[in-house]
Amino acid sequence: MTTVTSENTSRATATFPQVRLRRLRSTATLRSAVRESHIRLEKLIYPLFVVEGKQVQRPIKSMPGIYQQSVDVMLKEVDEVASAGLKSLILFGIPEDKDSEATGAWSTDGIVQQATRAIKQRFPELIVVADTCLCEYMSHGHCGIVSDGQILNDPSLAVLAKTAVSQAAAGADIIAPSDMMDGRIAAIREALDTAGFENTPIMAYSAKFASAFYGPFREAAQSAPQFGDRTTYQMDPANSREALREIELDISEGADIVMVKPALPYLDLISQARALTKLPIAAYNVSGEYCMVKAAAANGWIDERRVVLEILTGIVRAGADLIITYHARDVARWLS
Ligand code: PBG
């Protein structure tokens, strides 16, 4: 009897030299057998920037490898990434004209609506996520209706809801509101349901921070605010309890997937969100995170492939189910 007790005790308190964690690291096969987190192509969402016109492919200087593309050129890229194994895309539109009502965001012939129809017609099995926001379509570059220099919350909800419905009508599989107005998830859910899109899920940019890491995206989407900044609607990077409130509220308003954005400086929140909810969690590995890797790699300072895979593994390990990342096309090439 004493032997059993002492054995149990020694197991519970076992330490070196009985315990050697290196045992399970000794071969590649063992390491992969005990690996806990995996990057899978079906979990990655690849962003595309679509513009009006034909045969347009304009490089985005701060985002090497990413382009503004007209629908015809974009379809070729979609074909390539789909063949490489990617399953999901998120679309951002750059309209020809911007105004103070964000007409391009919700019109039937808006650029995202055109692109969505074209992609779904050729590649019905792909998941098309529509970023639902107004900043790219507003002359002032803010994510809501502006009056007297203020970004108005409640009047913006109807415009966002109208945008979501037109995106769903064009065939978008997921609606992803990124504006950070209060109450938008409930407003969008109700509008989608009323329009007969009760089966269209909402991926809410729930904890979206007022981040300097969006700089390159604003070049790509030509969506920089023309006055002020986004700190009255996007979150203060210092706040984690508030981020959890945002997530809880979006869930109570009907979100199907919640998002943390950016990813890398907010891995703690991905992990806290994972503990908070059973919903799928998305993380946005944003433009600034992408361009830092690209710049360092172009200088020969880091091993791009290893760094990217390590970053994405870290985001998965923190608790993300889905990752929006500009690296997705490269990753698909590397992993296939
Ligand atoms: C639109 C939107 C932004 C991003 C995604 N949707 C920009 C912003 O909030 O200014 C940023 C994505 C990135 O940096 O990659 N509101």
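**Entry 1: ligand contacts**

I began with Asp131 in this predicted model. One of the polar side-chain atoms of Asp131 lies 3.5 Å from a nitrogen atom of the ligand. I then turned to the arginine side chains. For Arg218, a polar side-chain atom is placed 2.6 Å from an oxygen atom of the ligand. For Arg230, an N or O atom in the side chain is 2.9 Å from a ligand oxygen atom. I next looked up how much of the ligand the protein covers: the ligand taken alone exposes 400 Å², and the protein buries 100% of that.

Which residues come nearest to the ligand? I noted 18 residues around the ligand, of which Lys208, Arg218, Lys261, Ser287 and Tyr326 come nearest. Arg218 therefore entered my notes twice, as one of these nearest residues and through the 2.6 Å distance to a ligand oxygen, which I had recorded above. I also looked up where the ligand is placed, and I found that the ligand sits in the largest cavity.

**Entry 2: salt bridges**

How many salt bridges does the structure hold? I recorded 12 salt bridges, and I looked up three of the pairs in detail.

I took Lys294 and Glu304 as one pair. Their side chains meet in a salt bridge with an N to O distance of 2.7 Å. Lys294 belongs to helix 11 (residues 287–298) and Glu304 to helix 12, so this pair ties together parts that are 10 residues apart in sequence. Is Lys294 buried or exposed? Lys294 counts as buried because its relative accessibility is 15%, below the 20% cut-off. I also noted that salt bridges with shared partners join Lys294, Glu304, Asp330 and Arg333 into one network.

I then examined Asp321 and Arg274, which form a salt bridge whose closest N and O atoms are 2.9 Å apart. This pair links distant parts of the chain, 47 residues apart: Asp321 lies in the loop between helix 12 (304–318) and strand 12 (322–325), and Arg274 lies in helix 10 (residues 267–276). I looked up the accessibility of both partners. Asp321 is partly exposed, with a relative accessible area of 26%, and Arg274 also counts as partly exposed, at 28%.

My last pair was Asp109 and Arg117, joined by a salt bridge in which the closest N and O atoms are 3.4 Å apart. Asp109 counts as exposed because its relative accessibility is 54%, over the 50% cut-off. Arg117 counts as partly exposed, at 33%.

**Entry 3: the loop between helix 8 and helix 9**

I looked up two residues of this loop, Phe227 and Ser240. Where does Phe227 lie? I placed Phe227 in the loop between helix 8 (215–221) and helix 9 (241–252). The relative accessible area of Phe227 is 32%, so I entered this residue as partly exposed. I then checked Phe227 against His140: the two are 87 residues apart in sequence, and their C-alpha atoms are 7.2 Å apart in space.

Ser240 has its place in the loop between helix 8 and helix 9 as well. I noted Ser240 as partly exposed, with a relative accessible area of 26%. For this residue I looked up the distance to Tyr266. The C-alpha atoms of Ser240 and Tyr266 are separated by 9.0 Å, with the residues 26 apart along the chain.

Definitions and conventions: Residues numbered from 1 in each chain as written. Predicted model: local features only at pLDDT ≥ 70, side-chain atom pairs only at ≥ 80, totals over all residues. Heavy atoms only, no water. Salt bridge = Lys/Arg side-chain N within 4 Å of Asp/Glu carboxyl O. Buried < 20%, exposed > 50% of the residue type's maximum accessible area, 1.4 Å probe, protein only. Helix = DSSP H or I, 4+ residues; strand = E, 2+ residues; numbered from the N terminus. Near = heavy atom within 4 Å. Polar contact = N/O pair within 3.5 Å; in protein donor to acceptor, adjacent residues only side chain to side chain. Areas by Shrake-Rupley, 256 points an atom, 1.4 Å probe, with all protein chains shown as cover. 1 Å grid on protein atoms, 1.4 Å probe; cavity = no way out; pocket = protein on both sides within 12 Å on 5 of 7 lines; lining within 4 Å. Sits in = over half its atoms within 2 Å of the grid points.
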